[in-house]
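Hi,

Here's the structure I said I'd pass on. Have a look at it first, then read my notes underneath.

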Amino acid sequence: MEAILGQLIILLGYIVLGYSINKAGILSDTSDKIFSNFLLKVTLPASIMGSAIGIETDNKINAIIVLLIATFIFILIPLMASIFVKVFKLDDIYKMMFTYPNLGFMGLPI
């Protein structure tokens, strides 16, 4: 429990730091895009891999099974969202809302 709380406090610190930097006008719109791309393409995958590699278990097969299930779910969810949007005749924005929850960006690295 303490480990999770510690990670959430660190995450809160990053959020406050980013908000403060943005409000102070230190970074421009161009640098925001560069940082966003860097976070999505480099930092997030490295964080997820670091978390997975840091697992201390005698049975690495369980970690591989979890990775395969997560991959399957991340492939299945966009397909289900497309079907759901077509069946209920919703706008495409709902497909995005179903497909990209915050779990992929904050939950997995923590």
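To work out how far a helix should reach, take 1.5 Å and multiply by one less than its number of residues. Keep in mind that this is a predicted model, so everything here is computed from it.

Let's try that rule on helix H1. It covers residues 2-24, which is 23 residues, so the expected span is 33 Å. The C-alpha atoms at the two ends of H1 are 33 Å apart, so the model agrees with the rule. Right after H1 comes Gly25, with a positive phi near 75°.

Now the whole chain. It has four helices and zero strands, so reading from the N terminus you get α-α-α-α. Of the 110 residues, 6% are buried. The accessible surface is about 9,300 Å², and carbon and sulfur atoms own 72% of that. As for contacts with a separation of 6 or more, 45% are between residues 24 or more positions apart.

Which residues form a nonpolar patch on the surface? Among them are Ile61, Ile65, Leu68, Phe72, Ile73, Leu76 and Met80, and the whole patch has about 1,000 Å² of accessible area. One of these, Ile73, sits in helix H3, which runs over residues 60-87. Is Ile73 buried, exposed or partly exposed? Its relative accessible area is 38%, so Ile73 counts as partly exposed, a label for values between 20% and 50%.

One thing to keep in mind while you look at helices: an α-helix has 3.6 residues a turn, so residues three or four places apart point the same way.

Cheers

Key. Residues numbered from 1 in each chain as written. Predicted model: local features only at pLDDT ≥ 70, side-chain atom pairs only at ≥ 80, totals over all residues. Heavy atoms only, no water. Patch = residues over 30% accessible without salt bridge, like charges linked within 9 Å, V, L, I, M, F, W, Y side chains within 5 Å. Areas by Shrake-Rupley, 256 points an atom, 1.4 Å probe, with all protein chains shown as cover. Salt bridge = Lys/Arg side-chain N within 4 Å of Asp/Glu carboxyl O. Buried < 20%, exposed > 50% of the residue type's maximum accessible area, 1.4 Å probe, protein only. Contact = heavy atoms within 4.5 Å.
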